[in-house]
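Colleague: Before I go to the bench, I would like to go through the charged pairs and the helix packing here. Please keep the answers short.

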Amino acid sequence: MRVRIKLCLAYDGTSFHGWQVQDNAVTVQGTLLKALEKLYKKPVELHGCSRTDAGVHARSFICHMDVDTFIPLDKLPIALNCLLPETVSVISAEIVKDDFHSRYDVKNKTYRYYIRHSQLRDPFRADKCLFWNRPLDHKRFIEGCRYFIGKKDFAAFMAAGSNIRDTVRTVFDCRAFEDGEDLVFSVTADGFLYNMVRIMVGTLIKYSQDEDYNIPAVIASLDRTRAGFTAPPGGLYLWEVQY
């Protein structure tokens with residue numbers, strides 16, 4: 001009997017070239033596919049909820065597969081984790097309806113970005129956050145998040161060279177909060193453009209340093225050159241996926 005199984009993963013993206021399979025590159029999808037083939041003794045087709053970039057992490061990444069050899073759901077994560085590197089973990093497995101799709105059924109996704117605002121580096125988090133030892137007005141950074149909420153054309157927050165034509169996205173929630181020495185940026189939307197979250201972070205840093213910088217004007221301009229820098233990938237986490 002063929003069943004569709006949804007897997008939830010967590011991974012440290014530092015050593016991976018993103019989620020999606022690529023020739024001559026180590027990816028999360030490629031690594032998981034190899035483990036699945038060993039476990040099921042045959043190739044398995046695997047679909048993911050998103051295409052995280054090289055160096056980006058995930059706390060809750062959803063994917064699905066169809067299999068005709070049933071392994072008890074409480075045993076499946078354990079079996080797969082024995083075949084996976086320590087940087088990837090299958091957290092849970094569940095049977096879903098045959099028409100469930102991990103990518104096309106997504107209602108919204110939440111990303112978080114971590115900024116360590118300190119004069120001292122943390123060597124254990126070198127690829128897990130953005131180390132920032134320059135001035136950064138937390139209050140202004142937090143205040144600026146509100147400008148991103150709503151249905152807007154985010155063309156100014158898409159990496160140059162992207163070929164996506166529809167750049168309108170709806171941001172349901174956007175906020176930042178302090179967590180110890182970290183400033184954490186969190187955004188929930190129905191979809192994201194290439195590098196959108198990382199450009200938002202760079203823009204908010206710029207906003208926090210310049211009282212004359214106008215985020216609504218940047219959004220309205222649809223001009224990538226007017227937005228802030230693209231923050232590095234190590235601070236970014238796919239935090240939650242809602243269906």
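The questions below cover salt bridges first and helix packing second.

Modeller: Keep in mind that this is a predicted model.

Colleague: How many salt bridges are there in the model?

Modeller: A pair counts when a side-chain nitrogen of Lys or Arg lies within 4 Å of a carboxyl oxygen of Asp or Glu. By this rule the count is 10.

Colleague: Which strands does the salt bridge between Glu94 and Lys6 tie together?

Modeller: The closest N and O atoms of Glu94 and Lys6 are 3.4 Å apart, and the two form a salt bridge. The residues are 88 apart in sequence, so the pair ties together distinct parts: Lys6 belongs to strand E1 (residues 3-11) and Glu94 to strand E4 (residues 88-96). The strands are E1 and E4.

Colleague: Is Lys6 buried or exposed?

Modeller: Buried means under 20% relative accessible area. Lys6 has 16% relative accessibility, whereas its partner Glu94 has 37% and counts as partly exposed. Lys6 is therefore buried.

Colleague: Which residue forms a salt bridge with Lys128?

Modeller: Lys128 is partly exposed, at a relative accessible area of 23%. The closest N and O atoms of the salt bridge are 3.1 Å apart, and the partner is Asp12. This pair links distant parts of the chain, 116 residues apart: Lys128 is in the loop between strand E5 (108-117) and strand E6 (130-132), and the loop between E1 and helix H1 (28-40) holds Asp12. The residue asked for is Asp12.

Colleague: How many residues apart are Asp182 and Arg125?

Modeller: Asp182 and Arg125 form a salt bridge, with their closest N and O atoms 2.9 Å apart. Asp182, at 8% relative accessibility, counts as buried. Asp182 is in strand E9 (residues 182-189) and Arg125 in the loop between E5 and E6, which puts the two residues at a separation of 57.

Colleague: Which acidic residue is linked with Arg2 and Lys42 in a network of salt bridges?

Modeller: The network has three members, among them Arg2 and Lys42. The remaining member is Asp68.

Colleague: At what angle do H1 and helix H2 pack?

Modeller: Two packed helices are described by the angle between their axes and the distance between the axes. For H1 and H2 (residues 76-83) the axes are 9 Å apart, and the crossing is right-handed. The angle is about 115 degrees.

Colleague: How many nonpolar residues are in the contact of H1 with H2?

Modeller: H1 brings Ala35, Leu36, Lys38, Leu39 and Tyr40 to the contact, and H2 brings Leu76, Ala79, Leu80 and Leu83. One residue of the contact is charged and no residue is polar; the nonpolar ones number eight.

Methods: Residues are numbered from 1 along each chain as its sequence is written. This is a predicted model: local features need pLDDT of at least 70, side-chain atom pairs count only at pLDDT 80 or more; totals for chains, interfaces and linings use all residues. Side-chain values use heavy atoms; hydrogens and water are left out. Helices (H or I, at least four residues) and strands (E, at least two) are DSSP runs, numbered from the N terminus. Buried means under 20% relative accessible area, exposed over 50%, partly exposed in between (1.4 Å probe, protein chains only). Axes are lines fitted to C-alpha atoms, for helices over the stretch in contact, and angles run from 0 to 180 degrees between N-to-C directions. A crossing is left-handed if the near helix is turned anticlockwise from the far one by less than a right angle, and right-handed if clockwise. Contact means heavy atoms within 4.5 Å. Ala, Val, Leu, Ile, Met, Phe, Trp, Tyr, Cys and Pro count as nonpolar, Asp, Glu, Lys and Arg as charged, and the others, Gly among them, as polar.
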